[in-house]
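Okay, thanks everyone, let's get going. I'd like to walk you through one structure today, so please have a look at the screen.

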Amino acid sequence: MTHPLEAPQRSRKYPFVHMRIADHSVLDTIEGRHNCHLCNRSRKFFCYSCYVPVGELEELLPRLELPLQVDIIKHKKEIDGKSSAVHAAVLAPQHVRIHTFPDIPDYREESGVVLIFPSATALAVPQLFERNVRLQTGDNYGLPKGHHMGTMLRRRMDEVELEEPQARRAWTLDSLPIRRAVFIDSTWNQSRGIYADERVRGLRTVVLQNRLSQFWRHQRGSPRWYLATIEAIHQFLLEVHINAWGLNTQYRGLDNLEITESFHQLAAPLRTQSAIEDVGREAPYNGQYDNLLFFFAHMYDLIHKYYDHNDLIAYRRPI
């Protein structure tokens, strides 16, 4: 049997090219394991129970400021050490918190909260920013009679702007239409059980633009555009930022992310001339949240060091 490192590697597009992700080769230099300073458990890069880096990484990791708060509701059967949701809490500790279901806040008492979940009444992100956009759902979202989007989403959706955009409202960090975004970290079947909880059931739901997942772990029965939690958080913040403050015309980090064409069509009117080094919090999108994928890109590279991309089941799922 040929060792994976000796097998010929077929050509593929590297998804993270031109993205503003810090050099994660520093992770290759970390030897051994270190004790978490909070729980004293032995960990490699970070403690997936306390959501803090360990050892020398405390001083080496990139840290992010997000435009809103992010809550992640984790199903109790999700394995902490395998969840990409932890990456967000480690890299953006001031803006991300993780709850294990059923121990979650009562979101009915808070305004400006949205749930990222494809319910039957889900909105697209541009709709939150007062753009005249609708989802192209086709015939019952492509589902069999008797089913609806909230029970069995299997069809990719596109968004279309119904008319030429008019004057845009000037948004600031303090005036965003969303103050907190809630994500569910679980399998699709588990997520429906969480969504049934009355504390989240009444939240406005938001559906993301379709983007092919680069996650190497296969989830049976899921198409390529079911994103890992950290990918979904990045995609949501990307869409929020572009709709609020535009897209830097010089930013090339979207080139290989394989996001649906309707995303680029809706972003086109929002492209804005800005300096290539401008990464201000209200500047046009220029990779401000790309470092959310710091650990994810490192693991992606490590997996692809040993295995051919086209041989991994996760990348051969239907689109």
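Here's a warm-up: is Glu58 buried, partly exposed or exposed? Glu58 is partly exposed, and the relative accessible area comes out at 35%. I start there as Glu58 has a partner: Arg63 forms a salt bridge with Glu58, and their closest N and O atoms are 3.9 Å apart. Arg63 counts as partly exposed too, with 41% relative accessibility. Keep that pair in mind, and keep in mind as well that this is a predicted model.

Now the overview. The protein chain has 319 residues, and 52% of them count as buried. You'll find eight helices and 14 strands in there. For the surface, the chain exposes about 15,500 Å², with 48% of that supplied by carbon and sulfur atoms. And if you take the contacts between residues at least 6 apart in sequence, 78% join residues at least 24 apart.

Back to charges. How many salt bridges does the structure hold? The answer is ten, and the part I like is a network of them that links Asp71, Arg97, Glu110 and Arg180.

Let's zoom in on Arg180. One salt bridge goes from Arg180 to Asp71, with 3.0 Å between the closest N and O atoms. Arg180 lies in strand S11, residues 180-185, and Asp71 in strand S5, residues 69-74, so this pair ties together parts that are 109 residues apart in sequence. Asp71 is buried, with a relative accessible area of 0%. Arg180 is buried as well, at 12%.

Arg180 also meets the side chain of Glu110 in a salt bridge, 2.8 Å from N to O. That one again links distant parts of the chain: Arg180 is in strand S11, while Glu110 sits in the loop between strand S6 (96-100) and strand S7 (113-116), 70 residues away. Glu110 is partly exposed, with a relative accessible area of 31%. So, for Arg180, we have a buried arginine with one buried partner, Asp71, and one partly exposed partner, Glu110.

Next, two other arginines, and here I'm looking at backbone oxygens. Where is Arg131 found? Arg131 is in the loop between helix H3 (125-128) and strand S9 (133-136). Arg131 is buried, at 6% relative accessible area. A polar atom of the Arg131 side chain lies 2.9 Å from the backbone oxygen of Leu266.

The other one is Arg20, in the segment before strand S1 (34-35). Arg20 is partly exposed, with a relative accessible area of 33%. What does the Arg20 side chain have 2.7 Å from one of its polar atoms? That would be the backbone oxygen of Asn286. In sequence, Arg20 and Asn286 are 266 residues apart, yet C-alpha to C-alpha they are 7.9 Å apart in space. Setting aside the neighbours within four places in sequence, the contacts of Arg20 include Ile276, Glu277, Val279, Gly287 and Asp290.

Okay, cysteines. How many disulfides does a search of the whole structure find? Zero. Why is there no bond at Cys36? The closest cysteine sulfur to that of Cys36 is in Cys39, and at 3.8 Å that is too far for a bond; the cut-off for a disulfide is 2.5 Å between the sulfur atoms. Cys39 has its own closest cysteine sulfur in Cys47, 3.7 Å away, and that is too far for a bond as well. In terms of burial, Cys36 is buried, with a relative accessible area of 2%, whereas Cys39 is partly exposed, at 26%.

Last stop, the surface. Which residues form a nonpolar patch there? Leu302, Tyr306 and Tyr307 do, and together they have about 270 Å² of accessible area. Tyr307 is found in the segment after helix H8 (294-306). Tyr307 is partly exposed, with a relative accessible area of 44%.

To wrap up, I'd take three things home. There's a salt-bridge network that links Asp71, Arg97, Glu110 and Arg180. There's Arg20, with a side-chain polar atom 2.7 Å from the backbone oxygen of Asn286. And there are those cysteines, with zero disulfides found in the whole structure. That's it from me, happy to take questions.

Methods: Residues are numbered from 1 along each chain as its sequence is written. This is a predicted model: local features need pLDDT of at least 70, side-chain atom pairs count only at pLDDT 80 or more; totals for chains, interfaces and linings use all residues. Side-chain values use heavy atoms; hydrogens and water are left out. Buried means under 20% relative accessible area, exposed over 50%, partly exposed in between (1.4 Å probe, protein chains only). Helices (H or I, at least four residues) and strands (E, at least two) are DSSP runs, numbered from the N terminus. A polar contact is a pair of N or O atoms within 3.5 Å; within protein, one must be able to donate a hydrogen and the other to accept it, and residues adjacent in sequence count only if both atoms are side-chain atoms. Patches are made of residues with over 30% relative accessible area and no salt bridge: like charges are joined within 9 Å, nonpolar side chains (Val, Leu, Ile, Met, Phe, Trp, Tyr) within 5 Å. Accessible areas come from the Shrake-Rupley method with a 1.4 Å probe; for residues, only the protein chains shown count as cover. A salt bridge is a side-chain nitrogen of Lys or Arg within 4 Å of a carboxyl oxygen of Asp or Glu. Contact means heavy atoms within 4.5 Å.
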